[in-house]
Amino acid sequence: MELPVIVIGGGGHAKVLVSTLLLCRRSVLGFVDLNPTAPPMLGIRCLGSDAAVLSHAPGDVQLVNGVGSTGSAAIRQDVYDRFTREGYCFATVIHPSAIVAPEVKMGDGVQIMAGAILQPGSSVGSNAIVNTGAIIDHDCVVAAHAHIAPGAVLSGGVRVDSGAHIGTGACIIQGVSVGAASVVGAGAVVITDVPAGVTTVGVPAKTIIRTLAPNLR
Ligand SMILES: CC(C)(COP(=O)(O)OP(=O)(O)OC[C@H]1O[C@@H](n2cnc3c(N)ncnc32)[C@H](O)[C@@H]1OP(=O)(O)O)[C@@H](O)C(=O)NCCC(=O)NCCS
């Protein structure tokens with residue numbers, strides 16, 4: 001039997017997850033938020049701050065990471081790491097309208113949102129998001145904590161490393177890699193490898209910000 005879930009976070013991404021969980025007929029105990037007295041979300045009540053999770057034993061509930069990201073995945077990853085260390089498990093959430101080839105491998109806590117398509121040979125690492133309407137074609141690797149934002153397209157054989165963000169509507173051509181913690185801006189078209197720790201935008205995509213020293217890339 002599936003365990004009841006607690007959603008971490010009370011923002012927009014959390015709301016979409018609550019909606020998806022209810023559609024999947026999961027039992028949602030509540031959500032926790034920085035504002036411990038936040039109003040109910042889609043009829044689901046706020047249980048308090050993050051500490052409220054600890055009143056439920058790890059074996060009695062599953063968690064859902066409702067912290068979204070528009071660039072850096074650091075806060076989202078921190079939530080996942082912190083509660084995993086405490087012994088909690090993160091539920092995998094797959095919207096019923098997503099098309100996921102049976103061969104796709106997924107880590108725990110993966111979130112596949114409405115209308116996403118994932119083709120065979122691809123894998124999605126723990127705590128990663130494949131957001132609304134995104135397309136992951138064949139043989140792609142989406143590493144842990146990465147976020148493929150709404151409408152983004154990965155052609156075949158693309159690699160997206162840990163914590164990278166592929167912005168809304170961006171396209172990555174076949175066989176290209178995006179390095180860890182890099183950000184691909186909304187609408188970008190990536191035609192060459194992107195190193196770790198940079199922000200790249202435009203058509204074709206060009207690097208505008210480097211957040212890691214060259215020797216760390
Ligand atoms: C790329 C991005 C992270 C840059 O954000 P930022 O670091 O705050 O940068 P700024 O907004 O200061 O922009 C810096 C420059 O890049 C340009 N720029 C920013 N985003 C751009 C984009 N997506 N495409 C083209 N140019 C872009 C700006 O016009 C600006 O140019 P200028 O210096 O000539 O004025 C952000 O614009 C973006 O696209 N984020 C993705 C959002 C997303 O995917 N959301 C999904 C939520 S689910």
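The exercises below, each with a worked solution, concern a predicted model of a protein with a bound ligand.

## Exercise 1. The first strand and its partners

Determine which way the side chains of strand β1 point, and identify the strands with which β1 pairs.

*Step 1.* In a regular strand the side chains alternate between the two faces of the sheet.

*Step 2.* Strand β1 comprises residues 5–8. Val5 and Val7 point one way from β1, while Ile6 and Ile8 point the other way.

*Step 3.* These four residues are all buried.

*Step 4.* The pairing of β1 with strand β4 (residues 62–65) is parallel and extends over 4 bridges. Within β4, Val64 is the bridge partner of Val7.

*Step 5.* Strand β2 is likewise joined to β1 by 4 bridges, and these two strands run parallel. Here Ile8 stands opposite Val32 of β2.

## Exercise 2. Two open sheets

State the strand order of the open sheet of 6 strands and of the open sheet of 8 strands, and explain what is special about the strands at the edges.

*Step 1.* The open sheet of 6 strands follows the order β6-β9-β12-β15-β18-β21, and its pairing is parallel.

*Step 2.* Its edges are formed by β6 (99–100) and β21 (189–190). Each of these has a single partner strand, so one side of each lacks a neighbour in the sheet.

*Step 3.* One pairing in this sheet can be followed residue by residue. Strand β12 (residues 135–136) and strand β15 (residues 153–154) are parallel and share 2 bridges. Ile135 has Val153 of β15 as its bridge partner.

*Step 4.* The open sheet of 8 strands has the order β5-β8-β11-β14-β17-β20-β22-β23, with mixed pairing.

*Step 5.* At its edges stand β5 (93–94) and β23. Because each has a single partner strand, one side of each is left without a neighbour in the sheet.

*Step 6.* Within this sheet, strand β20 (residues 183–184) runs parallel to β22, and 2 bridges join them. Val184 finds its bridge partner in Thr200 of β22.

## Exercise 3. Aromatic pairs

Classify the aromatic pairs of the structure, and decide whether their residues are buried or exposed.

*Step 1.* A pair of aromatic rings is described by the distance of the centres and the angle of the planes.

*Step 2.* A search of the whole structure yields 2 aromatic pairs. In the pair of Tyr80 and Phe90, the centres lie 5.0 Å apart and the planes make an angle of 40°. A pair is stacked under 30 degrees and edge-to-face over 60, and the rest are tilted; the pair of Tyr80 and Phe90 is therefore tilted.

*Step 3.* This pair links distant parts of the chain, 10 residues apart. Tyr80 belongs to helix α2 (residues 74–85), whereas Phe90 lies in the loop between α2 and β5.

*Step 4.* The ring centres of Phe83 and Tyr88 are 5.9 Å apart. Their planes stand at 80°, so this pair is edge-to-face.

*Step 5.* A residue counts as buried under 20% relative accessible area. Tyr80 is buried because its relative accessibility is 8%, and Phe90 is buried at 4%. Phe83, at 3%, is buried, and Tyr88, at 5%, is buried too.

## Exercise 4. Particular backbone features in loops

Locate the cis peptide bond and describe the positive phi values of Leu42 and Ala181.

*Step 1.* The cis peptide bond joins Val203 and Pro204, with omega about -10°. Pro204 is placed in the loop between β22 and β23.

*Step 2.* Leu42 is not a glycine, yet its phi is positive, near 50°. Leu42 is found in the loop between β2 (28–32) and β3 (46–48), and its relative accessibility of 47% makes it partly exposed.

*Step 3.* Ala181, also not a glycine, has a positive phi of about 60°. Ala181 occupies the loop between β19 (177–178) and β20 and is partly exposed at 46% relative accessibility.

## Exercise 5. The surroundings of the ligand

Describe the residues around the ligand and the contacts made with its oxygen atoms.

*Step 1.* There are 15 residues around the ligand, and those that come nearest are His165, Gly167, Thr168, Gly185 and Ala186.

*Step 2.* By class, this shell contains 7 nonpolar and 8 polar residues, and no charged ones.

*Step 3.* β22 (198–201) and β23 (206–210) each contribute at least two residues to the shell.

*Step 4.* His165 places a polar side-chain atom 2.8 Å from a ligand oxygen atom. Thr168 has a backbone N or O atom 2.9 Å from an oxygen atom of the ligand, and for Ala186 a backbone N or O atom lies 2.9 Å from a ligand oxygen.

*Step 5.* On its own the ligand has 910 Å² of accessible area, of which the protein covers 42%.

Terms used. Residues numbered from 1 in each chain as written. Predicted model: local features only at pLDDT ≥ 70, side-chain atom pairs only at ≥ 80, totals over all residues. Heavy atoms only, no water. Near = heavy atom within 4 Å. Polar contact = N/O pair within 3.5 Å; in protein donor to acceptor, adjacent residues only side chain to side chain. Areas by Shrake-Rupley, 256 points an atom, 1.4 Å probe, with all protein chains shown as cover. Nonpolar A, V, L, I, M, F, W, Y, C, P; charged D, E, K, R; others polar. Pairing = 2+ DSSP bridges. Phe/Tyr/Trp six-rings, centres within 6.5 Å; stacked < 30°, edge-to-face > 60°. Buried < 20%, exposed > 50% of the residue type's maximum accessible area, 1.4 Å probe, protein only.
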